[in-house]
Amino acid sequence: MTFSVSVAQLNFVVGDMAGNARRIVDAARAAHARGVQLLLTPELAICGYAAEDLYLRPAFIDACDDAVKRVAAETADLKGLHIVVGHPARTGPGARERSVSVPALHNAASVLCEGRVLATCAKRELPNYQVFDERRYFTPGDAPCVFAVPDAQGRPVKVGLLICEDAWFEAPAADLRAAGAELIAVINASPFHAGKGGEREAHMRERVRQTGLPLVYAHLVGGQDEIVFEGRSFVLDAQGELAGRAVSFEEAQFDARFERGAAGWRITADTDRPHSADADLWHALVLGVRDYIGKNGFRGAILGLSGGIDSALVLAIAVDALGKDRVRAVMMPSPYTADISWIDARDMAARLGVRYDEIAIAPEFEAFKASLAPLFEGRPEDTTEENLQARIRGTLLMGLSNKFGSIVLTTGNKSEMATGYCTLYGDMAGGFAVIKDVAKTAVFRLARWRNAHDPYGTGANPIPERIIVRPPSAELRPDQKDQDSLPEYPVLDAIIERYMENDQSPESIIAEGFARADVEKVVRLIRINEYKRRQAPVGIRVTHRSFGKDWRYPITSKYRA
């Protein structure tokens, strides 16, 4: 008895129902040609994940319904192939609705075969934490979903379906087992963060050990605004051992072949080795940049290259994502820019082969100061003049962006975003914040990793060593160093991780051995710079808590931790 399952680990686009349907149909035809009986698509594949308030528009749901019908009609000739398609689905009036005349909306999946819809299942557990807010849009389902798929010999295999969050709880899986399921299929759209791949596999092992059933995990791949999905679909045998794993951060049609014998299912599938943590992080950032720029139709990317580590890292990511011909770097030296910054910026641009321009901002800086001099009379120079330089640079970059249609990539890291060590309407000006969720210590680590690897064939050792080893500086005043204003980065990042990402109290952080003055300073800086972060561009989420949907704090607040 043989039974083949395929996962369409594809990069769907939110709102492109026609394009998404076409990709599902193409995947179905390819799977059928390989003798597959069951094709799984990711959660909400028909409309992309997540469509947010588009779910509130009836015409959007109508378009999703039409796309599901199109998939069914265009696969009607694929005899025996069952296709699980994720989509939003209306049902009868829901108890939570304002009016009984308004149908409930479910995060659902339909089982299609030979032009017919055999079953439609609704997600039961709706996440409402971190980046998720599914309870805003969907009504939970209340029943298990088990359907039969004939194997290659025509004998039925009972498949139990879970939709993403359902698989993180015991009850939905137990109900599938009680309903006679022989195999669990889990369709997902689970955003990447560091370590998430291992967490998923561990939780799915719990479901397998709980039920004694093998499990296929079908996952999405691609970037959607600030979140990234890394693929890495997998299959576990009935003992919870890994039987196969798809590639990460790439599209794939991942097949698993089940053969039933006296000892149970024997599963064969290809197995991709997991990446290192830094490799995963790099690929996530590259995919996030590529899809944000590609799916939104920008011609390319432009950034200010300062000769420092942050802009160097962003340039390397951008070239890996887009290729050198779609990336432009601009050096904008001020009177405080060190000669080695010029030299290192030119060196890096040459290594990666990108277009490189230099625009000295000293004339504009002097003109701004002259215009403000009568109003500033009697006041010493301070951060005001420092910020003028950053804002001149932001204006020049946005001018080039408007003229040439390339999006400005900002280069601020998470440590700077947390503490406000950035200039509103200056270095924060741009369209996409590539390393917004990457701490400074990780910036250095990633630079080292990229110099040791060339995953996209765009050039080895792209970041000059001196950029990595130089003490970080904004170069907005003479002899400036970041640590003049901030604790050493290993200390700073450790405090940010504990307070911002893990919700530890200041006292508990101090109890771990951190200096009270450092903790109180960092916590204060995080609090008073919320107004800046609200005006920062969207950026790629790579930790379990980023400054974005994960972080929702009031700007105006008298609370002190």
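In the predicted model, Asp225 has a relative accessibility of 35% and therefore counts as partly exposed, since this value falls between the limits of 20% for buried and 50% for exposed residues. The residue is located in the loop that runs between strand E10 (221-224) and strand E11 (227-230), and its phi angle is near 55 degrees, a positive value in a residue other than glycine. Most residues other than glycine have a negative phi, and most peptide bonds are trans.

A positive phi, likewise near 55 degrees, is found at Leu44, again a residue other than glycine. Leu44 belongs to the loop between strand E2 (38-40) and helix H2 (58-74), and because its relative accessibility is 0%, under the 20% limit, Leu44 counts as buried. The loop between E2 and H2 also holds Ala50, and the peptide bond that leads from Tyr49 to Ala50 is cis, with omega near 0 degrees.

Further along the chain, strand E14 (residues 252-261) pairs with strand E15 (residues 264-269) in the antiparallel sense, and six bridges connect the two. Two residues lie between E14 and E15, which together form a hairpin. Within this pairing, Glu259 stands opposite Arg266 of E15.

These local features are set in a chain whose secondary structure comprises 16 helices and 20 strands. The radius of gyration of the chain is 26 Å, which agrees with the value near 24 Å that a compact globule of 561 residues would have. Taken along the principal axes, the box filled by the C-alpha atoms has dimensions of roughly 85 × 50 × 45 Å.

Of the 561 residues in the chain, 54% are buried, Leu44 being one of the residues that count as such. Among the contacts with a separation of 6 or more, 71% are accounted for by residues that are 24 or more positions apart. The area exposed by the chain amounts to about 23000 Å², of which carbon and sulfur atoms supply 51%. With regard to charge, the chain carries 68 positive and 74 negative side chains, and the centres of these two sets are 2 Å apart.

Conventions. Residues numbered from 1 in each chain as written. Predicted model: local features only at pLDDT ≥ 70, side-chain atom pairs only at ≥ 80, totals over all residues. Heavy atoms only, no water. Helix = DSSP H or I, 4+ residues; strand = E, 2+ residues; numbered from the N terminus. Rg over C-alpha atoms; globule rule 2.2 N^0.38 Å. Buried < 20%, exposed > 50% of the residue type's maximum accessible area, 1.4 Å probe, protein only. Contact = heavy atoms within 4.5 Å. Areas by Shrake-Rupley, 256 points an atom, 1.4 Å probe, with all protein chains shown as cover. Lys, Arg positive; Asp, Glu negative; His and termini not counted. Charge placed at Lys NZ, Arg CZ, Asp CG, Glu CD. Pairing = 2+ DSSP bridges.
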